[in-house]
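Visitor: I would like to learn how to read a protein structure. Could you take me through one, feature by feature?

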Amino acid sequence: GATLAHPYGDFLHCLSLRISNSSAISKVFYTQNNPSYSSVLNASIQNTRFSTPTTPKPYAIITPRKTSHVQSTIYCSKNHGFQLRIRSGGHDVEGVSYVSQVPFVILDLVNFRAVKVDTKNEVVWVQSGATTGELYYGIASKTQTLGFPAGICHTIGIGGHLSGGGFGILGRKYGLAADHIIDAKLIDANGRILNRKSMGEDLFWAIRGGGGNTFGVVLAWKIKLVPVPPVVTVFTVNKNLEQNATKIFHRWQYIAHKLPNDLFTAVWIMKVNSSQVGKKTVQAGFRGMFLGGVDELIPLIQHEFPELGLAKENCTQMSWVQSILYFGGLPIQPVEILLNRNALPRSSLKAKTDFVKEPMPETGIEGFMNMFLEEEADFAITMIEAFGGKMDEIQENELPTHIEQASYAGTYINWIRRLYSYMASYVSKSPREAYYNYKDLDLGTNNVNGYTSYEQASVWGLKYFKNNFKRLVQIKTMIDPMNFFRNEQSVPHLWSP
Ligand code: FDA
C-alpha cells in the first residue's frame, strides 16, 4: 500500500488536473483501489517470476490514449518523486518494465498499437505498444513480398524490442530490427516531442539499441521493410544423444555462419522423453528458414552439411509470416493467432546470453548436453543461433567475429547459473558479452537510490555495449541530465556538481 510519507495524493491530483478534460479519464489511470487495477497490471506480465504477492506493485498504472497523457505522466512523476517504468509488451526478462524497488508508476502503452503500412514506399509507422505479431500481421495483410527482420516470439512488444536491438530469423540476411528504423517519435524528460530531425543523429543512434527506459518514451517508430519471397521453406531435424546429436552439433558450428545469407539456422537444446530410446534424453533440434523453395534448399544442405541428413519430409513451404508462427511453436494458420497476445503460455523465467567466437570442442559440447539430463533442466532450453552474413558486417571491426549467439532460459535459476558458468571457457571473454534484450541482472545493476558511477555501471555496460557504452553515457547525460528515465540496467548519466 501507499506509504504516508510519499506524496501519492499529490501525484494523483497533479494527473487529474492535467487529464481532467478527457472524458476517458477512468480508462487512463488505475490506482490500487480501482477494480481493474490487477487485470491491467497482469495483462502483460510475461514472466510469472515477477507476479508474486511480494513483488512490489506500482502506485498507479497510466494507459495513455493521447500524447498529452504521456507528457502529463512524465511531468507529474518527476514533480512528485515517482519513478516511471515504461511498458510496451511486458517481455522484459527481468521484469523491469513493471517492477521497481522504489515508489513507481507504470506508463503502459497498450493503447498505442497502430500499425500503418505503406507498401508503396515500403515503410511502416508502428506504435510502441503493438506486438511484433501485430506488425507482422499488418505487413502480411497488405503484401506477400515484404517483411521485417525482428524477433521470433510474436507477443514481444515493439517498444522494448526495438530499443534493445531485435534479432530473428531474417537476421543473417538483414541484420537487427534496429538497423531498419528510419525515424521515431520520442518524448523526453521535459515532455518535448522529438523526431529524428529534431533529436539529432546521436540520440537517434542511441535509441536504436541503447536500451529502453533510458532516453525517453518512444511512442512510435518508422521502419523500412525488406524484401521476402512469397514462399519460404522451414525445417526441423531432431537428433538426440543416441542419434549422434553431439557430433552433428559440433560439425554445424563450422558450417552455419558460412552458409548463404538466405539460410538461417539454429539449434535448440532441451530434454525430451524419447519413445525411441525409452527414456529421457537430450535433443538437439536443428531448425532453419530458407528464403526460397525446398527444391533449392535440399541440394544446398546436402552439399554443405550432409551430416544433417535433411530430407523433404523435414521441410515445409509457407509464407514468411507463417514461418514466424512455425518458429514460435504454433499452428501456422489461421495467421490471426499473430494478433493474440495470450497465445503463448507464461512461465517463470531466467535467461542469460553468450556469444561464441570459436567452435566448442566435442568434449565441451558433451558436458554441456549432459547438464540437460539433470532434474532442474526439466523446464529449460538453450537456443543457439548462427550469425555470419549481415551480422558480421554490422558488428564492430574485430576479429574473429561471433559465429553464434546462445541464449539459455529456464525456470530453475541456479541451474541456469551453473550452465552459464560451465560455458565460460567456450564463449567471448574480456568482456564476456551479453545481449541487452535478454536482460540479466546477475551481470550487475545500478544503485536503486542515488547516483551510479560510470565505473560501477561499466561492469554490466561493457558486456552489453562494449566500446559503444561510453558514447551512450555521453548521449544520456545530454538528453536526460537528471537521470529521470532509469532502471536497474539503464545507461547512467555522468554527474556534474
Ligand atoms: P517491456 O515492455 O517489458 O520493455 C522492455 C524494456 O524496454 C523495459 O526497460 C521498458 O521500460 C522499456 N520500454 C518498453 N517500451 C518502451 C518505449 N516505448 N519507450 C522506451 N522504453 C520502453 N529478443 C530478440 O531479439 N529476439 C527474439 O526472438 C526474442 N524472443 C523472446 C521471447 C520471449 C518469450 C521473451 C520473454 C523475450 C524475447 N526476446 C527476444 C527479448 C525481447 O526482445 C525483449 O525482452 C524486449 O525488450 C521486449 O520488449 P517489450 O516491449 O515486450 O518489453
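Guide: Gladly. Keep in mind that this is a predicted model. We start with a helix on a sheet. Helix H10, residues 320–327, lies across E12, strand E13 (263–274), strand E14 (279–290) and E15. The direction of H10 is at about 20 degrees to E12.

Visitor: What is the order of the strands in the open sheet of seven strands?

Guide: Read the strands from one side to the other. The order is E15-E12-E14-E13-E17-E18-E16. The pairing is antiparallel.

Visitor: Which are the edge strands?

Guide: Look for strands that pair on one side only. Here they are strand E15 (315–318) and strand E16 (350–356). The sheet also twists, by an average of 20 degrees from one strand to the next.

Visitor: How many bridges pair E12 with E15?

Guide: Four bridges, in the antiparallel sense. Strand E12 covers residues 232–240. Take one residue, Phe235: its bridge partner in E15 is Cys315.

Visitor: Now a single residue. Is Ser274 buried or exposed?

Guide: Use relative accessibility. The cut-off for buried is under 20%. Ser274 has 8%, so Ser274 counts as buried. This residue is found in strand E13.

Visitor: Which residues is Ser274 in contact with, leaving aside neighbours within four places in sequence?

Guide: Ser274 is in contact with Asn240, Lys279 and Thr281.

Visitor: How do I describe two packed helices?

Guide: Give two values: the angle between the axes and the distance between the axes. Try helix H8 (residues 245–255) and helix H11 (residues 362–371). Their axes come within 9 Å and cross at roughly 125 degrees. That angle makes H8 oblique to H11. The crossing is right-handed.

Visitor: Which residues of H8 and H11 meet?

Guide: From H8 come Ala245, Thr246, Lys247, Phe249, His250 and Gln253. From H11 come Glu362, Ile365, Glu366, Phe368 and Met369. Sorted by class, this contact has five nonpolar, three polar and three charged residues.

Visitor: Where does Trp415 lie?

Guide: Trp415 lies in helix H13, residues 413–423. Apply the burial test again. Trp415 is buried, with a relative accessible area of 1%. Leaving aside neighbours within four places in sequence, Trp415 is in contact with Met371, Phe372, Glu374, Glu376, Ala377 and Ala380.

Visitor: What separates the C-alpha atoms of Trp415 and Phe249?

Guide: Keep two kinds of distance in mind. Along the chain, Trp415 and Phe249 are 166 residues apart. In space, their C-alpha atoms are separated by 22 Å.

Visitor: What is the order in the open sheet of four strands?

Guide: Read it as before. The order is E1-E2-E4-E3, and the pairing is mixed.

Visitor: Why is one side of E1 and of E3 left without a neighbour in the sheet?

Guide: Count partners. Strand E1 (29–31) and strand E3 (83–87) stand at the edges, and each has a single partner strand, so one side of each has no neighbour in the sheet. The twist here averages 20 degrees from one strand to the next.

Visitor: How many bridges join E1 to E2?

Guide: Three bridges do, and the two strands run antiparallel. Strand E2 spans residues 60–62. Phe29 stands opposite Ile62 in E2.

Visitor: Which helix packs on this sheet?

Guide: Helix H1, residues 8–19, touching E1, E2 and strand E4 (104–108). The direction of H1 makes about 160 degrees with that of E1.

How values were computed:
Residues are numbered from 1 along each chain as its sequence is written. This is a predicted model: local features need pLDDT of at least 70, side-chain atom pairs count only at pLDDT 80 or more; totals for chains, interfaces and linings use all residues. Side-chain values use heavy atoms; hydrogens and water are left out. Two strands pair if DSSP finds at least two bridges between them. Axes are lines fitted to C-alpha atoms, for helices over the stretch in contact, and angles run from 0 to 180 degrees between N-to-C directions. Contact means heavy atoms within 4.5 Å. Buried means under 20% relative accessible area, exposed over 50%, partly exposed in between (1.4 Å probe, protein chains only). Angles under 35 degrees count as roughly parallel, over 145 as roughly antiparallel, 65 to 115 as roughly perpendicular and the rest as oblique. A crossing is left-handed if the near helix is turned anticlockwise from the far one by less than a right angle, and right-handed if clockwise. Ala, Val, Leu, Ile, Met, Phe, Trp, Tyr, Cys and Pro count as nonpolar, Asp, Glu, Lys and Arg as charged, and the others, Gly among them, as polar.
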